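Welcome! Here are a few exercises to work through with the structure open beside you. Try each task before reading its solution.

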Amino acid sequence: MTTLFKLPLLKIFLFFFCTYTSGKNQFIDKDSTSYWVRYIHSLNLKASDEYHKGQLGKSKNTAFRAYTLAHKYLPKHESAYRDALSNYATFLDSNFNYKLAIEKGLELINLNEFLNTSIEEKAIAYNNLGHTFEKIGDRYNAIKYFKQAVTILQTYPQKKDIEFAKIVINYASCLSRINQLEEAKKNFFLGLNNIKNSFQRDSNKAQQTALYAYQGLAKIGYKQKQPQHMIMSYLQNCLKIEQNYIIQRNSYHTHELLGNFSLKNKDLTNAIKFYNKAIEYRKKEIENKINDIHLARLYTSKAVAYRKLEKYDEALEFHQLALQLSAVDFIPDDVLSNPESSQFTNKLYAVYVLNQKGKTLKKLFKKNNTIDNLVVAFKTFKLASNLMPLIRKKYKEDNSKYRLCNHSVYIYENAIRTAQLLFKKTKDIKYFEAAFQFAESNKSVLLQEEMQVKKVRKHQFLPPKLAHEEQQTAIEINQLERQITSLEIIHKDSLTNENKARLEKWKNALRKKKEHYHHHLNKKIRQYPKFLALKNELPRASLEAIQRKIIKNEKVALVEFFEGKKRIYVFLISENHYKIHSLPKEEDYLNAIKEVLQIVQNPPSEDFHSTYSSFKKNTLWLYLNLLEPILKDVHNSINRLIIIPDGELHNIPFDILLYKNNKQHSYAIDDNAYLLKKYAINYHYSANLFVFNDNIKTRMNKHNFIGFAPSFEQNDQLENLENTIPEVQEIAQVVNGQVIIGEKATKAAFLNNIQSHDIIHIATHAEKDTANIKMNRIYFSDGYLTNYDLDTITINASLVVLNGCETGTGKIMEGEGIMSLSKSFIFSGSSSVLASAWKVDDKASEQIMRSFYNYLNQEVPKDKALQDAKLEYMSAPFENDYRSHPYYWSSFRLIGSSDNISLTNKISYLIYILSPLLFILIFYFLKKAFL
């Protein structure tokens with residue numbers, strides 16, 4: 001709240017004076033602005049005073065009345081109007097109307113900027129908006145606004161006081177929640193240092209602020225696994241403050257932390273005692289408030305303690321109390337009932353409450369084997385999972401969405417496990433489909449959302465002017481993000497003052513563009529509900545739809561993985577089979593992946609035969625534990641696999657796995673039962689994209705093939721690739737295509753020529769950037785393109801071949817998979833991408849590529865063409881065994897559609913077909929003319 005800081009004696013006097021004079025109606029002209037300024041100002045002060053006293057219900061009513069009157073009677077430049085607007089935003093926030101609270105918070109920020117109000121006023125507005133974003137879990141947006149508040153107050157002459165400390169501590173608390181722990185700790189101590197001078201002058205408020213800091217430091221201690229005495233010293237400071245000062249808010253949290261500490265140490269009796277004390281304190285703070293997410297969290301923690309004591313009935317009672325506090329008008333008749341999703345006041349907290357209740361029901365099922373408990377657990381997890389897309393929809397920052405995906409894994413893993421148990425017990429297909437959909441719910445969600453927006457933009461649901469503004473603003477945001485990231489990468493070690501100023505300018509511009517896009521534009525777009533409905537609606541592929549697609553592709557099975565925190569789940573869907581298999585996520589699994597990648601991603605050394613035993617052991621272990629249990633019923637009826645990996649499995653080339661043991665000590669194709677020999681394999685990001693994004697009809701591009709092979713004579717950082725130019729030239733001859741090579745292979749040449757070709761082949765340098773997921777780079781003769789650049793263009797190609805190092809790899813983001821260049825090409829509209837997962841050998845890749853196009857030219861499906869090309873490479877006579885090593889051939893993988901491509905030149909073919917008809921018509925008209 002704007003008036004949450006200080007109430008000096010002058011303000012208190014003014015409050016009583018204004019309240020008194022506002023009642024003397026006979027002496028005041030109620031039509032005058034001055035009257036309403038005084039009266040509304042008195043209401044603002046009253047709301048602030050009630051808020052600080054913990055009288056939250058009264059404070060809300062007063063704040064609402066003040067804003068209503070201010071909106072009606074005051075011009076916006078009046079400070080009383082701005083105070084009322086700020087208090088009203090806080091009122092909306094505390095009543096769970098976060099969307100409108102954010103809207104009003106942004107209105108206040110823009111008003112402050114326009115009127116150039118005081119530094120303090122601007123800082124508070126940013127701070128309060130940060131609080132709202134934090135409540136909905138959009139923590140990266142919250143950090144952005146907290147940081148802006150801190151930056152503004154650093155120029156404030158009197159910054160070393162409680163106000164500055166409070167904002168710094170809010171910022172630190174948010175940093176702690178996204179696990180930036182060292183930065184958080186630094187800001188907590190900064191906050192404490194800034195209130196030392198205030199202890200005597202404003203003791204209670206200073207101690208209240210110090211309490212927040214010590215609680216935050218204790219939480220960091222838990223996360224960093226600091227020694228017990230350090231954590232307890234912070235909590236002892238909290239208890240000392242609570243005993244010696246009038247602490248009006250948040251004192252319950254100290255006992256909650258003590259309860260958490262006891263729970264972690266399995267001291268369950270003390271944990272319950274601390275939670276009871278915390279509940280008692282929180283009830284006093286909130287008076288008779290019906291819904292309170294913090295009290296709900298305390299009841300949930302207490303329920304967890306009872307669950308660990310195996311007192312499941314008591315645990316369920318407290319779970320129900322927590323749900324009652326989390327939802328509007330929910331008064332449960334029994335402990336097995338749940339609210340509707342629309343009843344929850346804060347959906348993020350509700351997910352936590354529901355997840356814990358579901359876990360208790362699962363434990364109860366294990367104890368008494370009553371299937372009804374498992375069914376209710378399933379429904380509870382399903383309700384929690386249904387809330388996740390509703391939460392994500394409110395987030396504006398991608399980083400917050402990525403974090404939510406990471407958080408979602410716990411929910412979906414519990415849901416999948418419960419559905420799997422029910423499927424095993426009941427044989428009801430609906431539970432298999434539910435388990436599969438839970439796995440799909442955390443697969444490339446951001447990519448699907450972005451592709452859905454792109455798809456909806458093509459339809460005329462918005463007026464042309466608004467549609468242009470919406471798309472142009474999105475492009476400008478993308479460009480600003482690229483500029484900022486590029487500058488930070490280029491000058492990461494030393495930024496000049498000029499570049500610092502430029503960076504600050506771009507960041508401010510980006511913030512304003514995002515605010516304009518997410519709030520000003522959204523206000524306009526809300527008038528067109530069809531656009532919003534389709535934009536937010538992600539299609540879900542049913543089992544029936546997946547099986548229809550599989551039947552179309554013939555002899556194919558889809559295998560999807562879900563990597564949870566405790567278990568790995570593997571799903572199989574084929575024409576006539578569906579199966580789910582799981583295994584513990586233990587050291588054997590992680591070590592097998594690590595050791596295999598260590599061998600195949602690096603060129604073999606002279607003693608490369610010595611690694612073969614490890615390679616054989618681990619690839620065979622992965623096959624036998626991940627694939628053999630689900631493929632054993634279908635392996636004779638299929639010869640193609642669609643793999644949808646997850647987690648660390650994104651890095652594994654599945655065609656190197658051995659499906660049976662051998663006695664030889666060689667990597668040669670004849671000596672090994674590679675999966676490559678058995679199946680043509682292609683990959684996808686999700687089953688939804690497999691079904692829906694592959695609905696792209698046959699392309700009608702004018703030309704078949706264009707190949708790019710840049711040279712780098714002018715670049716000191718990149719060496720020339722000897723085989724790339726001959727590679728694209730030879731392929732172009734095979735498929736009758738076009739090439740752009742050497743210095744002519746520029747970024748502009750690429751962008752100007754990609755729209756009219758079915759196949760785009762790029763043979764060049766590329767590199768991943770794990771620090772900045774959208775700054776993976778693919779190089780041309782005059783520079784590079786990044787994911788940012790690719791995300792703003794459309795590529796109408798059936799196949800993009802990226803014959804460059806690391807084009808198919810990048811940072812693995814939970815739920816999204818690998819953030820690679822290949823993903824951006826799929827997003828841009830390519831039906832499929834052939835990319836490499838690590839730095840490739842120039843000569844080997846040239847041989848595999850040549851064979852690949854020869855098979856494509858025979859109209860072989862893309863996955864089969866890649867399989868045959870690798871087998872052909874492996875079957876060639878080598879001068880030594882080095883070249884049979886998987887490093888040389890297993891890097892390339894196909895992502896997306898595997899449909900075959902007709903390489904016959906469309907125009908030539910059309911002329912060939914139409915020529916006889918044209919000749920007959922000419923003959924007919926000439927004959928008619930001469931008769």
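## Exercise 1: A salt bridge along one helix

In this predicted model, E183 and K186 form a salt bridge, with 3.4 Å between the closest N and O atoms. Your task: find which helix holds E183 and K186, and how far apart they lie.

Solution. Start with the helix: both residues belong to helix 9 (residues 181–194). Next, count along the chain: E183 and K186 are 3 residues apart, about one turn of the helix. Finally, check the cover: E183 has a relative accessible area of 31%, and because partly exposed means between 20% and 50%, E183 is partly exposed.

## Exercise 2: A salt bridge between two helices

Find out where R297 and E256 lie, and what their pairing ties together.

Solution. First, look at the contact: the side chains of R297 and E256 meet in a salt bridge of 2.6 Å, N to O. R297 sits in helix 15 (residues 293–308) and E256 in helix 13 (residues 252–264), so the pair ties together parts that are 41 residues apart in sequence. Now consider the cover, remembering that buried means under 20% relative accessible area. R297, at 16%, counts as buried, and E256, at 3%, is buried too.

## Exercise 3: A link across the chain

Decide whether E397 is buried or exposed, and find which network of salt bridges includes it.

Solution. Begin with the pair: E397 and K144 meet through their side chains in a salt bridge (3.4 Å, N to O). E397 is in the loop between helix 18 (371–393) and helix 19 (398–426), while K144 is in helix 7 (residues 139–153), 253 residues apart. Then read the accessibility: E397 is buried, at 11%, whereas K144 is partly exposed, at 24%. Last, widen the view: K144, E397, E481 and K514 are linked in a network of salt bridges.

## Exercise 4: Strands in a sheet

Work out the strand order of the open sheet of 3 strands, and which strands stand at its edges.

Solution. The order is 9-10-11, with antiparallel pairing. Strand 9 (766–767) and strand 11 stand at the edges, each with a single partner strand, so one side of each has no neighbour in the sheet. Now zoom in: strand 10 (residues 777–780) and strand 11 (residues 783–786) are joined by 4 bridges, and a hairpin connects strand 10 to strand 11 through 2 residues. One pair to look up is I778, whose bridge partner in strand 11 is L785.

Conventions: Residues are numbered from 1 along each chain as its sequence is written. This is a predicted model: local features need pLDDT of at least 70, side-chain atom pairs count only at pLDDT 80 or more; totals for chains, interfaces and linings use all residues. Side-chain values use heavy atoms; hydrogens and water are left out. Two strands pair if DSSP finds at least two bridges between them. A salt bridge is a side-chain nitrogen of Lys or Arg within 4 Å of a carboxyl oxygen of Asp or Glu. Buried means under 20% relative accessible area, exposed over 50%, partly exposed in between (1.4 Å probe, protein chains only).
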